[in-house]
Amino acid sequence: ASRAAIAASQLGHESTAAKAILHAYWGDGLDISQPEVLISAFNKAGLDANAILERAQEQSVKDQLKENTEEALKRGVFGAPTMFIGDAMFWGNDRLDQVGLVLAGKIKA
């Protein structure tokens with residue numbers, strides 16, 4: 001799923017793919033490590049699932065995932081979902097409301 005998200009981003013579909021993956025996992029409780037789950041999620045979102053999964057096998061995607069993982073570890077990430085606004089880290093789906101308030105300028109991070 002991580003490589004598929006990177007591949008989709010490289011193809012210009014970052015937001016749509018991320019929403020599809022997160023909905024499959026958090027909304028539908030599906031195992032996003034399974035290719036058929038990703039294919040279904042991407043197809044439902046109107047994306048070319050085959051193109052995304054094909055690109056996910058490329059070395060550039062694997063290298064990007066390694067770089068992203070190293071950066072996450074340096075920043076103190078210890079679980080998912082983790083979101084950053086500047087240097088402020090928000091961990092857990094129960095923090096999404098806080099992230100929204102910070103992004104809307106209603107509270108400070």
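## Who lines the pocket

Helix α2 is the top contributor to the lining of the largest pocket, putting in 8 residues. Keep in mind that we're looking at a predicted model here. Helix α2 isn't working alone, though: α1 (2-10), α5 (59-74) and β1 (82-85) each bring at least two residues to that lining as well.

In total, 30 residues line the largest pocket, and the space inside comes to about 1,200 Å³. Sort the lining by character and you get 17 nonpolar, 9 polar and 4 charged residues. If you want to find the middle of the pocket, look for Ser 2, Ala 5, Leu 22, Ala 80 and Thr 82, the lining residues that lie nearest its centre.

## Leu 22, on the wall and on the surface

Leu 22 sits in helix α2, which spans residues 14-27. This leucine is one of the lining residues nearest the pocket centre, and it also belongs to a nonpolar surface patch together with Tyr 25 and Trp 26. The three side chains share about 320 Å² of accessible area.

So is Leu 22 buried, exposed or something in between? Its relative accessible area is 45%, and since the partly exposed class runs between the 20% and 50% cut-offs, Leu 22 lands there.

## A cis bond between α5 and β1

Ala 80, another of the residues nearest the pocket centre, is joined to Pro 81 by a cis peptide bond, with omega near 0°. That's worth a look, because most peptide bonds are trans. Pro 81 itself belongs to the loop between α5 and β1.

## Glu 58 and Arg 3

Over in the loop between α4 (49-55) and α5 you'll find Glu 58. Its relative accessibility is 38%, so this glutamate counts as partly exposed too.

What is the C-alpha separation between Glu 58 and Arg 3? The two are 55 residues apart along the chain, yet their C-alpha atoms are 9.2 Å from each other.

## The chain as a whole

Zooming out, the protein chain has 6 helices and 2 strands. Walk along the sequence and the order reads α-α-α-α-α-β-β-α, with the strands coming between the fifth helix and the final one.

The chain runs to 109 residues, and 24% of them count as buried. Its C-alpha atoms fill a box of roughly 40 × 30 × 25 Å along the principal axes.

Key
Residues are numbered from 1 along each chain as its sequence is written. This is a predicted model: local features need pLDDT of at least 70, side-chain atom pairs count only at pLDDT 80 or more; totals for chains, interfaces and linings use all residues. Side-chain values use heavy atoms; hydrogens and water are left out. Patches are made of residues with over 30% relative accessible area and no salt bridge: like charges are joined within 9 Å, nonpolar side chains (Val, Leu, Ile, Met, Phe, Trp, Tyr) within 5 Å. Accessible areas come from the Shrake-Rupley method with a 1.4 Å probe; for residues, only the protein chains shown count as cover. A salt bridge is a side-chain nitrogen of Lys or Arg within 4 Å of a carboxyl oxygen of Asp or Glu. Helices (H or I, at least four residues) and strands (E, at least two) are DSSP runs, numbered from the N terminus. Buried means under 20% relative accessible area, exposed over 50%, partly exposed in between (1.4 Å probe, protein chains only). On a 1 Å grid over the protein atoms alone, a cavity is a set of points where a 1.4 Å probe fits but cannot get out, and a pocket is an open set with protein on both sides within 12 Å along at least five of seven lines; lining residues have an atom within 4 Å of a point. Grid points are joined across faces, edges and corners, and a volume is the space filled by probe spheres set on the points. Ala, Val, Leu, Ile, Met, Phe, Trp, Tyr, Cys and Pro count as nonpolar, Asp, Glu, Lys and Arg as charged, and the others, Gly among them, as polar.
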